[in-house]
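Me: Please take a close look at the internal space of this model. I should like a connected account of what surrounds it, continuing to nearby topics where they share elements.

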Amino acid sequence: MTRKKKATMLGMLITLGIVYGDIGTSPLYVMNAIIADAGSVGALSPDYIIGSVSLIFWTLMILTTIKYVVLAMQADNNGEGGIFALYALVRRRGAWLAIPALIGGAALLADGTLTPAVTVTTALEGLKGQTFGRFVFSNNQTVVLVITTGVLLALFLIQRFGTAKIGNAFGPIMFLWFLFLGVAGLSHMSGHLEILKALSPVYAIKILFSPENKVGIFLLGSIFLATTGAEALYSDMGHVGKGNIYATWPFVYVMLMLNYFGQGAWLIAHYQDAAYANLTTMNPFYEMLGTGMRPYAIILATAAAIIASQALITGSYTLVHEAVGLKFLPRMAIKHPSSERSQIYIAFVNWFLCLVTLSVVWFFRTSKAMEAAYGLAITVTMLMTTLLLYEFLAMHIKRAMAALVAGFFGLIETVFLIASLVKFLHGGYITLFIMLLILAMMVVWYFGNKVREHYQDESEYVVLTDYLDQLTALAADDTIPTYTTNLVYMTKVKPGYRLKRSTLYSILDKRPKRAKVYWFVTVNETDKPVEMRYTVDMLHTRNVISVQIYLGFRMSQHVNVYIRKIINDLLSAKVIDPQTPKYTTVKNRNVGDFKFVIIREQAQNLMATENIPGWQRRLIGGRLWLQNVTTSPANWYGLEFSNVVEEVVPLFISVPRTVAFSKHQIMNAKAFKLRAKNQPIQTETEIINPKEDPE
């Protein structure tokens, strides 16, 4: 664990804009969902309202404050948080821990597609029937949907240009938003201070079993919406530092609860009003504001909803980037649209989110319908985080105590999951379908790779040091034309200098590739998020070099930049020979030309591997298919503008194939000649030595 970074005023302001978008917009729709559970506004009662607000208060206290802010944030990976950072901390404690990490990550990505849809739609629905001068806004929901679509589409379109400058304004806006929430709620509490009874957990427990609560335990499905941003709070820790979250969360918590108290007090005062009694849906957040204040509230709420959506989008990029680094997802093209190191852009993720979010908007059409489906998958993520958190706690305290703490949160989250299952019938199946789609991709990629590595036995590998004499001789052989100055193979050199046989075959057998220096580069993803270091093994030569580059799972893989840095370091140390080119347009250039070789495996002989069960062959085949349809290795390693050669080899070079003859006959030469006079002998033969030529 790392020490808490000191909070600063600027850091706290930035934290308000980055971390709390999701949880900070929950007052827009939580009470609306609670009213829907009651059936209508007229079906409410003071006890039902007080009990519901009490459930919100204690849910935020137990899950958000105690579990995430106090406990989970201690499980930081060099300052980074989130389910994948937590997994990276504990994965050495058991291979099974990959399963909750995969499920939790897939659920978090899937449920996040509803966040922009719910928040922006809810905010803009406040426009219905509003008067702006002489203009009266339409009550037609389709108009709201069109505006919502325009806002969200614009938001996704600007991602590729970077949002660092826009993000500078997020903090002040969210500060105003939380201040507005607190003041608006406080101004409506004075007439009904009995709402403060909600501070007692007794009312939270009583309402779950009260006959006034017609949905029973399933009320928790709506209550859970108040804490859906807790996982995002933990994930964003690396962007702002835990010290700033510790300093800002009390302010955010108080402002949120003041608003919930205010909405509850307003409902106690007006639930019997004839104008509201028969309404099955109503947003008390907007209704409790005066007509003069409401337009400003709508503008501020829309801005907060956009900020929440922006936080979700950038958070998804980070989550996918971490998943790629941990080999949970295929490689994807990652760009840095601004000078901010933490800001990345992944086009595939951006447009996937855009398509799903806009589909959700038009499929559900109203915020009420979206709320009914929202939150199911995120309960799964919270449970998976608790499982990983148990292993982390067991590293620092007695296992029995860790089980007790994790069991407490796990029990509460299981109850929330059961309560949220009713959402499946109201559209939650959509997010679960998206979750299963993402999870299937993760499973195929991760476990397909594990199975592939299991079956690639020692016959697929050679020892690099056994070929040093040949490589040194080839570099000095003037009878062979120079292929390049620096020949770089993106391969994996394992302990004992073992590497794929296909790598040495490419240099020595296909057509000897003469180079001044042979580089064998291994890129290792580490458990630390922003680590960047390398080691060099000269192998007692001056021109055969094994390089191990260690990059954190949040670092970009621009290998060409790293290699140039390493070469300059080695030239400065005078451990490799000078490479100053004879002809060049670059002044004082001291590094020669490069050629990068990437060997790509194909499964053309996969079905011939009879010793591999069918389901495992399909798993490996799926993994290779994903590898071929996603980002190319050249783009992944930042080599799109470099001289790259891609060579294709079979997945299993040494897989034997047998040829069965229906009849075996041995004859001497005289018998063969005699038989040949009478009738021709037709044979089909296939001479295969799999240890020879992989082509």
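Reply: **The largest cavity and its setting**

The largest cavity encloses about 820 Å³ of space, a volume being the space filled by probe spheres set on grid points that are joined across faces, edges and corners. A cavity is a set of points on a 1 Å grid over the protein atoms alone where a 1.4 Å probe fits but cannot get out, and lining residues have an atom within 4 Å of a point. The model is predicted: local features need pLDDT of at least 70 and side-chain atom pairs pLDDT 80 or more, whereas totals for chains, interfaces and linings use all residues. Residues are numbered from 1 along each chain as its sequence is written, and side-chain values use heavy atoms, without hydrogens or water.

The structure holds five cavities of 30 Å³ or more. In the largest cavity, 32 residues form the lining, and those nearest its centre are Arg331, Arg452, Met490, Lys492 and Tyr637. Two or more lining residues come from each of helix H22 (428–455), strand S4 (482–490), helix H24 (501–510), strand S6 (514–526), strand S9 (594–602), helix H26 (614–629) and helix H27 (633–636). These elements are DSSP runs numbered from the N terminus (helices H or I, at least four residues; strands E, at least two). By class, the lining comprises 13 nonpolar, eight polar and eleven charged residues; Ala, Val, Leu, Ile, Met, Phe, Trp, Tyr, Cys and Pro count as nonpolar, Asp, Glu, Lys and Arg as charged, and the others, Gly among them, as polar.

H22 and S6 also appear in the second largest pocket, each giving at least two residues to its lining. A pocket is an open set of points with protein on both sides within 12 Å along at least five of seven lines. This second largest pocket holds about 570 Å³ of space, and 21 residues line it, with Arg91, Leu326, Lys327, Lys450 and Glu525 closest to its centre. H22 contributes the most to this lining, namely five residues. The pocket lining has eight nonpolar, five polar and eight charged residues.

The second largest cavity has a volume of about 330 Å³. Of its 29 lining residues, Leu108, Ala232, Ser235, Leu312 and Gly315 lie nearest the centre. Helix H2 (21–24), helix H6 (98–112), helix H13 (230–235) and helix H17 (294–325) each supply at least two of them, and H17 gives the most, with eight residues. By class, the lining of this cavity has twelve nonpolar, eleven polar and six charged residues.

Salt bridges involve some of the elements named above. The structure holds eight of them, each a side-chain nitrogen of Lys or Arg within 4 Å of a carboxyl oxygen of Asp or Glu. In one, Lys513 pairs with Glu647, their closest N and O atoms being 3.2 Å apart. Lys513 is in the loop between H24 and S6 and Glu647 in strand S10 (residues 644–650), so the pair ties together parts 134 residues apart in sequence. Both Lys513 and Glu647 are buried (under 20% relative accessible area; exposed is over 50%, partly exposed in between, with a 1.4 Å probe and protein chains only).

A second pair, Arg542 and Asp577, has its closest N and O atoms 2.9 Å apart. Arg542 lies in the loop between strand S7 (532–537) and strand S8 (544–552), and Asp577 in the loop between helix H25 (559–572) and S9, 35 residues away. Arg542 is partly exposed at 40% relative accessible area, and Asp577 is partly exposed at 36%. Within helix H25, Lys565 and Asp569 are four residues apart, about one helical turn, and their side chains meet in a salt bridge (3.3 Å, N to O).
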